[in-house]
Amino acid sequence: AASGALPPPTSVGRTYFESGWEETPSYSLQSLAPGNVLEGPALLLDDISTVVVEPNCTATVTATGHLEILVRPRKGARGETRTGPEAQRGAEAAPAEGAPSPSGDADPVQLSLYSHRFMGIAEQMGRTLQRTSVSTNIKERLDFSCALFDASGGLVANAPHIPVHLGAMQDAVQLQQRRWEGDIHAGDVFLSNCPHTAGGSHLPDLTVITPAFLPGDGEAPAFWVASRGHHADIGGATPGSMPPFSHSLSEEGARIVGFRLVSRGVLQEEGVRSILAKSRNLADNLSDLKAQVAANEMGLRLLASLAAESSLAAVRSYMHHIQANAEATVRAMLRAFAARTGLGANGVCTAADQLDDGSEIRLAVTIDAAAGSATFDFSGTSPQSYSNLNAPRAVTYSAVIYSLRALCDTDMPLNQGCLAPVTFVLPEGSPSPPPGPSFPGHVPDTS
């Protein structure tokens with residue numbers, strides 16, 4: 001059929017809807033062309049499915065052959081089917097598939113679709129990492145995480161991997177952005193693990209960070225992707241690089257603030273061998289790092305494909321919308337929590353717990369019900385421990401962002417928007433965060 005002109009229905013029958021019986025035309029999906037617009041009720045049939053267009057709905061065949069169904073109060077007689085110029089005007093008025101609305105507001109359906117597309121890309125990165133790695137830690141124990149970040153390094157979406165990694169990786173990406181500013185090129189990949197100055201969790205967790213450059217988008221990265229994996233050994237005092245009685249960060253092994261793992265597409269293997277020279281299984285380290293680079297490359301390809309499918313502007317717009325949606329969701333959750341528990345305008349919740357060495361972690365959460373914001377105050381927490389029961393600042397953020405996400409019953413990716421309503425008070429000299437680079441942190445216990 002010509003664009004805008006509907007083919008004749010294959011049949012017309014009576015169908016019962018909520019409003020009663022309606023004369024309902026049936027069409028073959030294969031016979032519809034881009035630009036066709038149908039007012040409900042209608043039935044669209046193919047070999048394996050039936051699409052019901054209800055009386056208050058309008059179905060439009062998009063340029064890519066998909067169906068876009070608008071649900072709204074319908075004007076005019078039921079069963080009316082628009083054809084000709086009216087149908088063409090409807091097709092022209094329909095927004096391009098995946099595009100942000102002219103007002104800049106997020107379309108709820110597209111918001112959900114983009115959220116799942118971004119999460120799916122992170123999951124594909126994870127599957128690539130698992131398949132191509134060789135170590136038991138990553139391939140079988142699945143101690144890794146993958147995530148997508150916007151141009152500023154803000155977390156957009158992640159796969160449901162290791163919670164303690166996810167909030168911390170945003171710090172890692174942004175710190176590498178600042179460290180290499182003005183010297184970041186297509187084909188570069190960066191490596192870091194330092195908990196105190198590079199957003200790391202603990203030294204065995206190596207983070208591989210890749211900038212995404214898209215054609216025609218200038219010299220700055222359009223997005224970032226990152227993967228963090230637990231390496232079995234990086235040259236620590238004991239096998240496994242997690243000595244139980246360590247008192248210094250150096251006892252865990254190699255400390256990497258920032259290293260260009262791949263320079264313009266060339267792997268810097270000699271540099272890696274030098275940094276991890278004390279590792280007890282350097283071959284596995286190299287193989288797993290290559291697997292992390294491959295996982296990031298998969299993320300870059302899928303992001304580029306998504307941008308080509310819709311547009312770079314649409315992808316960037318919905319990255320922002322997803323973060324804004326997470327912020328609004330957390331604010332609503334905080335308001336609901338304050339109302340449910342009777343906290344009032346600026347109520348305070350307190351909690352305390354102890355680590356195995358007797359150190360106390362104290363937390364007071366003050367909720368501003370009007371603003372939907374909260375202050376997480378760790379004042380009163382014991383001083384940092386002369387042991388490995390400490391956690392860096394990035395891990396504290398991870399623990400809080402994961403807890404907030406778990407309290408929200410909305411299906412959304414965990415991202416930086418979850419922390420937008422939150423202010424932290426972290427006293428220096430406490431286990432969270434330790435003040436200097438000399439003390440190690442046993443992340444699983446402290447977080």
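This report describes side-chain contacts and nonpolar cores in a predicted model.

**Aromatic pairs**

Across the whole structure, a search returns 6 aromatic pairs. In one of them, the ring centres of Tyr114 and Phe118 lie 5.9 Å apart and the planes meet at 50 degrees, so this pair is classed as tilted. Tyr114 and Phe118 both belong to helix α2 (residues 108–132), where a spacing of 4 residues separates them by about one helical turn, and both residues are buried. Another tilted pair is made by Tyr397 and Phe424, with 4.7 Å from centre to centre and 50 degrees between the planes. That pair links distant parts of the chain, since Tyr397 sits in helix α8 (residues 393–407) and Phe424 in strand β18 (residues 422–425), 27 residues apart. Tyr397 has a relative accessibility of 19% and therefore counts as buried, the limit for that class being under 20%.

Tyr114 and Phe118 also join Tyr318 in one aromatic cluster. A contact of another kind involves Trp180, whose ring face has Arg179 lying over it at 5.6 Å from the ring centre.

**Salt bridges**

The count of salt bridges comes to 10, and the table gives three of them with their N to O distances.

| Acidic residue | Basic residue | N to O distance |
|---|---|---|
| Glu309 | Arg117 | 3.2 Å |
| Glu269 | Lys290 | 4.0 Å |
| Glu360 | Arg362 | 3.1 Å |

The bridge between Glu309 and Arg117 links distant parts of the chain, with Glu309 in helix α6 (residues 282–309) and Arg117 in helix α2, 192 residues apart. Arg117 is partly exposed, its relative accessible area being 36%. Helix α6 also holds Lys290, whose partner Glu269 lies in helix α5 (residues 269–275), so that this bridge ties together parts 21 residues apart in sequence. Lys290 is partly exposed at a relative accessible area of 42%, and Glu269 is likewise partly exposed, at 24%.

In the bridge between Glu360 and Arg362, Glu360 counts as partly exposed with 22% relative accessibility, and Arg362 is partly exposed with a relative accessible area of 37%. Elsewhere, salt bridges with shared partners join Asp183, Asp188 and Arg260 into one network.

**Nonpolar cores**

The largest nonpolar core has 35 residues, of which Phe149, Trp224, Val330, Phe376, Leu404, Leu419 and Phe424 touch the most other members. Two or more residues come to this core from each of several elements, namely β8 (144–149), α4 (163–179), β12 (223–230), α7 (312–341), β16 (360–368), β17 (373–377), α8 and β18. The greatest contribution is that of α7, which gives 5 residues. Phe424 thus appears both among these well-connected core members and in the tilted pair with Tyr397.

The surroundings of Phe149 can be described in further detail. When neighbours within four places in sequence are left aside, Phe149 is in contact with Gly154, Leu155, Val156, Met169, Gln170, Val173, Phe223, Trp224, Val225, Ala226 and Met319. A second, separate core of 30 residues includes Phe118, Leu148, Ala222 and Phe223. Phe223, a member of that second core, is therefore also one of the residues in contact with Phe149, given that contact here refers to heavy atoms within 4.5 Å. Phe118, for its part, combines membership of the second core with a place in the aromatic cluster that holds Tyr114 and Tyr318.

Key. Residues numbered from 1 in each chain as written. Predicted model: local features only at pLDDT ≥ 70, side-chain atom pairs only at ≥ 80, totals over all residues. Heavy atoms only, no water. Phe/Tyr/Trp six-rings, centres within 6.5 Å; stacked < 30°, edge-to-face > 60°. Buried < 20%, exposed > 50% of the residue type's maximum accessible area, 1.4 Å probe, protein only. Lys NZ or Arg CZ within 6 Å of the ring centre and 35° of its normal. Salt bridge = Lys/Arg side-chain N within 4 Å of Asp/Glu carboxyl O. Core = buried A, V, L, I, M, F, W, Y, C linked by side-chain atoms within 4.5 Å.
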